[in-house]
Amino acid sequence: MNEERLNLIKEKLAGFGIEFYDVNGTPGIITSPEKVVDVCKTLKDDGDISFEQCRDAVSVDRFTKQYRFEVIYNLYSLKHRDRFFVKVLIPDSKKPETPTLTGLWNSVNWYEREAYDMMGIVFTGHPDMRRIYMPEDFEHYPLRKDFPLMGIPGSLRLPKK
Amino acid sequence: MSKTVYEKLKDNDPGIPKSKILDALESQDLSVEFDDALENEMVLNMGPQHPATHGVLRLLISLDGETIKKAVPDLGYLHRGYEKLAENMSFHEFIPHTDRLDYLQPVANNIAYTLAVEKLLNLEIPERGQYLRTISAELGRIQSHLIAYGTTVMDTGGLTPFLWGMREREKILDIYDMYIGVRFTTSYSRIGGVAQDITDEALNAITKFIDEFPGYLKEMRNIIERNRVFVDRLEGIGYMSKEDVINYGITGPILRAAGVDSDLRKDSPYLVYDKVDFDVPTATESDSLARFWLRFEEMYQSVKIIRQCIEKMPKGPVNALAPKKALPKKEKIYTKMEELIYDFMLINFGQNPPVGESYGAVESSKGELGFYIISDGTGHPFRTKIHSPSFCNLQALPVMLKDAFISDSVVVIGGLDPVMGEADK
C-alpha cells in the first residue's frame with residue numbers, strides 16, 4: 001500500500017480516533033467492538049477506499065486478564081490490489097462478545113463461526129452462530145491457551161460398546 | 001452450548017420447528033398419512049463418504065422433487081487441529097505438517113508458510129532459491145489443475161480424460177522424485193531456502209516435460225471441447241453473479257472466472273513472479289464451464305513461467321547464510337564446529353523471531369493461501385492461522401446450488417475444486 005492511500009485512509013478514519021499498526025509492511029488498525037461495524041462500513045463502502053472483500057478472520061487468545069481475545073479481519077481491495085487488517089480488541093475476557101460483520105460481507109459468516117468454534121468468541125447478531133468443525137455437543141474451545149494439546153479425556157462422547 | 005439439537009427436539013424446545021416427518025418418527029401411531037409424497041420436501045444427506053465430494057465434505061440438501069431448495073455444507077470430518085499443533089512445535093517442525101493441508105499440491109503450502117516465517121525473521125533468500133521455489137510451485141499448480149480437470153470430467157461420466165490427467169500428473173510426481181527427493185509430501189521449501197539444489201537430471205526432465213506437455217494439453221482439450229454431453233452438463237451450471245463472488249470472499253480461478261483479474265502473483269508479486277512474463281486468464285461467464293477452461297489456460301501459463309524460470313535461473317547458493325535463522329548444510333554440521341552449534345541451537349530452541357505479526361500469502365491453485373503468524377519472541381509461534389482457499393470457496397456452495405438439479409451438485413463441487421484437508425485444517 002502506498003503512502004498516499006494510507007494517508008487517505010487515516011484521514012477518512014480520523015473521526016473514530018483509532019490506532020494504526022503494522023503487519024510486516026501491511027497496515028492495519030486496532031479498534032474496539034463498539035466502533036468496528038462503523039469503521040468497517042467506512043472501509044468497505046467509501047468509494048476511495050473500497051475494501052470489497054473480507055478474506056479471513058483470525059482469532060487470538062492472548063491469555064491475559066484483560067483484553068484476552070482479539071479478532072483480526074483480513075480485508076482486500078480488488079480495485080487497488082492491497083490488503084488491510086482490522087484488529088478488534090475485546091475487553092471482556094470472561095464472556096467475549098463483539099458485533100458480527102455479516103451485514104457487510106457474507107464471507108464473514110463462516111470465519112466468525114470458526115472463531116466461535118475455536119475460541120468461544122460470540123458474535124452478536126450473527127445469523128447462524130453454530131460450531132463449524134467440532135461436534136455440536138462439544139463443550140470446550142480447543143484453540144484457547146488453557147485447552148491442553150492432548151485434549152480433555154471424555155470430552156468427546158464415543159459410542160458405547 | 002448445553003443441549004444438542006436432538007435433546008432440544010426431545011424437550012419440545014419451541015425454538016426448533018418440528019417437521020411432519022419428525023413428528024411421525026416420535027409418535028407411536030404408525031399410520032401417518034402425507035397428503036402427497038411428491039409435495040413434500042425431502043432432506044437428502046450427501047457424503048461425507050461420497051466419491052463426488054472429493055473428500056469428506058457432507059452436504060445436507062433439501063429437495064423439492066429434483067430441485068435443490070437449500071444446501072447446507074457440514075465440515076469438520078478431517079479436522080486435525082493443525083493450528084493447535086503449530087503452537088506447540090518450532091517453526092521448522094511445522095513444515096511437514098503443511099504438506100497435509102492441500103495434499104494435491106503440497107509445494108504451495110510449504111512456500112506460503114516459509115514466506116510468512118521469513119517475513120517474521122526478516123530473512124532474504126538467494127535468487128536461485130527463489131527460482132527453484134517458483135518452478136516447484138508452478139509444477140504444483142499443474143499437478144493440482146490436472147486433478148481438477150480429470151475429476152470434473154469423471155463426475156460427468158468420462159473416464160478417459162481422468163486417466164490422461166493422471167498420466168501427466170504421474171510424470172510430475174516422477175520429476176519431484178528427482179527434483180525434491182520425494183514424490184508426494186514434499187516439504188521442499190525450508191526456512192531460508194529450499195531443501196536441496198536441483199540436479200541436471202531433474203532439470204532435463206522438467207525441460208522435457210514442459211516441451212511435451214502443451215501437446216498433451218491440446219489432446220486433452222480436443223477430446224472434451226466439443227463433447228455435447230460434457231458441455232451441456234457444465235454450461236450455465238453453478239452460476240454466481242460477480243457481486244456475490246466478491247462479497248463471499250472468493251479467490252482464485254472462481255473469482256477470475258467471474259471477470260475479476262485478481263491474482264496475487266501479479267498484484268503483490270512474491271518470489272520471482274515480477275521477473276517473468278505471464279498473463280492472468282479471465283472469463284466472464286462465472287459458471288462451471290468457464291472455471292473449467294480457465295484452469296486449463298492457467299496450465300499453459302504455468303508452462304510459460306517454468307520455461308522462463310529455467311532460462312533465467314542464475315547459478316549460486318540456494319540457501320540463505322543466516323546462522324541464527326536458517327539451518328546449515330548437513331555436510332558442514334558434520335565437519336565444522338560453528339555449524340554444529342548453530343544446528344544444535346536451532347533444533348533445540350527454535351528461531352526466536354522478534355515479537356510481532358506477519359502474513360505471508362501465495363496464489364495457490366485454489367486461491368489465496370495465507371498464514372498469519374503471531375510471534376511472542378520464543379521458538380514457538382504464539383498463533384498460526386491458516387487462511388485456506390478451499391474453506392472460503394466452499395462457503396459459496398449453497399448460493400451456487402440454489403435451484404439447481406441434484407445431479408448438478410456434483411458438477412458444482414467439481415467446479416469449486418475443494419480439498420478437504422485444507423478446508424478442515
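## Two chains, A and B

Let's start with chain A: reading from the N terminus, its elements follow the order α-β-β-α-β-β-β-β-α-β. That comes to three helices and seven strands. Keep in mind that everything here describes a predicted model.

Chain B has its own mix, with 19 helices and eight strands. Its radius of gyration is 24 Å, close to the 22 Å that the globule rule gives for 425 residues, so chain B is as compact as a globular protein of that length.

Here are the two chains side by side.

| Chain | Residues | Buried | C-alpha span along principal axes | Contacts joining residues at least 24 apart (among those at least 6 apart in sequence) |
|---|---|---|---|---|
| Chain A | 161 residues | 39% | about 65 × 30 × 25 Å | 51% |
| Chain B | 425 residues | 49% | about 85 × 55 × 35 Å | 69% |

### Where the chains meet

How many residues of chain B are in contact with chain A? There are 32 of them, and they touch 27 residues of chain A. On the chain B side, five elements each supply at least two residues: the helices α3 (82-87) and α10 (242-247), plus the strands β6 (356-364), β7 (367-375) and β8 (381-387). As for chemistry, this side of chain B is made up of ten nonpolar, 13 polar and nine charged residues.

### Two domains in chain B

The domain assignment splits chain B into domain 1 (5-74) and domain 2 (82-424). Their C-alpha centres sit 38 Å apart. The two domains do touch, with 17 residues from domain 1 of chain B and 17 residues from domain 2 of chain B taking part. On the domain 1 side, the elements giving two or more residues are β2 and β3 of chain B. Of these, β3(B) gives the most, with six residues. The domain 1 side consists of eleven nonpolar, four polar and two charged residues.

### A small sheet and a buried helix

Now for a closer look at those strands. In chain B, three strands make an open sheet in the order β1-β2-β3, and the pairing is antiparallel. The edges are taken by β1 (42-46) and β3 (67-74) of chain B; each has a single partner strand, so one side of each is left without a neighbour in the sheet. Ignoring direction, neighbouring strands of this sheet are turned by 20 degrees against each other on average.

You can zoom in on one of these pairings. β1(B) is joined to β2(B), residues 58-64, by five bridges, and the two run antiparallel. Within it, Val43(B) stands opposite Ser62(B) of β2(B).

Which helix lies across this sheet? It's α18(B), which lies across β1, β2 and β3 of chain B and runs at about 150 degrees to β2(B). This helix covers residues 406-416 of chain B, and nine of its eleven residues are buried, so it is largely enclosed by the rest of the structure. Among the buried ones are Asp408(B) and Ser409(B), the run of Val410(B), Val411(B) and Val412(B), and then Ile413(B). Gly414(B), Gly415(B) and Leu416(B) are buried too. Just past the end of α18(B), Asp417(B) has a positive phi of about 55 degrees.

To put the pieces together: β2(B) pairs with β1(B), is one of the strands that α18(B) lies across, and also gives residues to the side of domain 1 of chain B that touches domain 2 of chain B.

How values were computed:
Residues numbered from 1 in each chain as written. Chains lettered and ligands numbered in written order. Predicted model: local features only at pLDDT ≥ 70, side-chain atom pairs only at ≥ 80, totals over all residues. Contact = placed C-beta atoms within 7 Å. Helix = DSSP H or I, 4+ residues; strand = E, 2+ residues; numbered from the N terminus. Nonpolar A, V, L, I, M, F, W, Y, C, P; charged D, E, K, R; others polar. Rg over C-alpha atoms; globule rule 2.2 N^0.38 Å. Buried ≥ 20, exposed ≤ 12 C-beta atoms within 10 Å, placed from the backbone. Pairing = 2+ DSSP bridges. Axes fitted to C-alpha atoms, helices over the stretch in contact; angles between N-to-C directions. Domains from an automatic or database assignment.
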